[in-house]
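Subject: Structure for you to look at

Hello,

Here is the structure I promised to pass on. Please open it next to this message, and my notes follow below.

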Amino acid sequence: MTDDLARRFAFHARIYAGDGGTNSSPLYAALSAAIANDPAILALVQHADRHTQVSNLLFAAVHDLLLAGADHLLRAFYASLTQNPGLPAEAYPVFRAFCLQHATAITERVATQRVQTNEVGRCSTLLPAFGLVAQCTDNRPLALIEIGASAGLNLHWDRYGYDYGSAGRVGDPAAPVQLVCWVEDSAHRLPISGVMPMVVGRIGIDLHPITLDDPAATRWLQALIWPEQTDRARLLEAALATARSHPVTILAGDAAERLPDAVAQLPTEATLCVYHSYTLNQCPPPVRTAILQAIDTLAQTRPLWRVSLEWFAGQPRPQLELYAPSNGAARSIRLAECESHGRSIAWQHSDV
Ligand SMILES: C[S@@+](CC[C@H](N)C(=O)[O-])C[C@H]1O[C@@H](n2cnc3c(N)ncnc32)[C@H](O)[C@@H]1O
């Protein structure tokens with residue numbers, strides 16, 4: 001049991017060491033490598049759900065306690081809490097002392113919380129797909145259903161500003177949420193027109209929706225962001241504020257069961273667009289199959305477009321795909337490969 005946990009922390013030490021991208025954290029890389037050899041700290045996560053990313057859960061539990069105000073020398077190593085953080089290589093003894101001092105609060109969080117992010121940066125990679133749907137449907141307004149909406153931040157993509165470098169800008173340049181996405185060299189032009197597709201209805205579904213007016217729930221979203229990624233933390237705050245100003249319903253429950261309820265609340269004359277990011281790749285195969293069957297059933301009743309941004313096992317990078325209605329069956333169109341937090345996109349499609 002402990003050996004398995006040790007292996008996971010050793011593995012994640014290499015992932016956190018990464019390439020300097022959004023999956024990298026020098027602090028978590030140094031801590032993970034030390035935790036892998038420390039049975040006392042591994043014991044804190046021994047009852048964690050093995051299907052989750054256990055290292056993320058432990059680090060979020062600690063980060064959450066610090067964000068909630070825990071007074072400890074460990075704060076000095078977190079870029080989210082101090083301007084000049086201490087060296088990651090010197091953090092472990094302080095981290096260890098903190099964990100042992102707060103063992104009860106940490107094990108309670110590990111047992112009850114989930115690794116449930118809501119990454120607003122992904123809207124940069126979703127937007128070109130929505131633009132394509134609008135383009136293919138004579139710019140009729142869209143009615144959105146997001147499966148796995150979490151706090152619903154990615155249901156407000158039309159309220160954000162986007163900078164795609166030389167490929168252009170879209171959206172409100174004064175919006176509090178401004179997203180920058182690097183467009184990789186490609187033979188195919190990113191299909192953005194500068195005009196934001198119109199949205200006339202939106203609703204989310206999530207097994208465990210995050211309540212925007214629960215400070216502990218939104219602090220947990222912050223706690224899941226690596227401490228060095230202060231730009232992501234700022235974007236999250238701005239997106240939470242936007243979402244609070246524009247309340248949207250997030251239905252609680254399994255998407256396969258709640259889809260009919262969701263569609264019943266949307267205007268019938270709009271183009272129905274169902275989308276999901278980093279959700280189906282987390283579902284066990286039978287759950288994934290049930291959700292896809294529920295979408296197919298819905299597609300028998302009205303034309304339905306599906307946008308999928310997922311990173312399935314064996315794929316080199318996250319994939320953006322569009323499923324277009326086509327004589328009762330969905331036609332799958334591979335659109336792009338993307339960076340996991342929406343920092344870059346490699347568009348691969350020429351025409352629909
Ligand atoms: C990794 S989060 C991604 C959230 C958001 N889509 C994003 O990209 O930031 C996956 C979300 O899917 C939800 N989820 C997982 N299985 C689900 C299901 N069967 N039905 C509805 N939501 C589900 C989880 O609760 C979680 O909020």
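**Helix 5: two sides**

Pro-93 and Leu-100 are exposed, on the other side of helix 5 from its buried residues. This is a predicted model, so please read everything here in that light. The buried residues of helix 5, which spans residues 92-101, are Phe-95, Phe-98 and Cys-99. They line one face of the helix, because they fall within an arc of 100° when seen down its axis. What covers them? Among the elements that do are helix 2 (26-35) and helix 3 (39-42). Helix 4 (54-67) and helix 6 (103-112) also belong to that cover.

**Strand 9 and its partners**

Next, please go to strand 9, residues 304-310. Six of its seven residues are buried, so the strand is mostly covered, a residue being buried if 20 or more other C-beta atoms lie within 10 Å of its own.

Strand 9 pairs with strand 8 (residues 271-277) in the parallel sense, over six bridges. To find the register, start from Val-274: its bridge partner in strand 9 is Arg-306. Helix 11 (residues 285-299) joins these two strands in a right-handed β-α-β unit.

Strand 9 also pairs with strand 10, residues 319-326. Here the sense is antiparallel, and there are five bridges. For the register on this side, take Ser-308, whose bridge partner in strand 10 is Glu-321.

In a regular strand, side chains alternate between the two faces of the sheet.

**Two positive phi angles**

Most residues other than glycine have a negative phi. Two residues deserve a look on that account.

Asn-139 is not a glycine, yet its phi is positive, at about 55°. Asn-139 sits in the loop between helix 7 (123-136) and strand 1 (142-147). Is Asn-139 buried, exposed or partly exposed? It counts as partly exposed, because it has 15 C-beta neighbours inside 10 Å.

Ser-150 is a residue other than glycine as well, and its phi is positive, near 60°. Its place is the loop between strand 1 and strand 2 (161-163). Ser-150 is buried, because 24 other C-beta atoms lie within 10 Å.

Those are my notes. Please send yours when you have been through the model.

Best wishes

Notes: Residues are numbered from 1 along each chain as its sequence is written. This is a predicted model: local features need pLDDT of at least 70, side-chain atom pairs count only at pLDDT 80 or more; totals for chains, interfaces and linings use all residues. A residue is buried if 20 or more other C-beta atoms lie within 10 Å of its own, exposed if 12 or fewer, and partly exposed in between; C-beta atoms are placed from the backbone. Helices (H or I, at least four residues) and strands (E, at least two) are DSSP runs, numbered from the N terminus. Two strands pair if DSSP finds at least two bridges between them. A crossover is right-handed if, with the strands pointing away from the viewer, the path from the first strand over the helix to the second runs clockwise. The arc is that of the directions from the helix axis to the C-beta atoms. Two residues are in contact if their C-beta atoms, placed from the backbone, lie within 7 Å.
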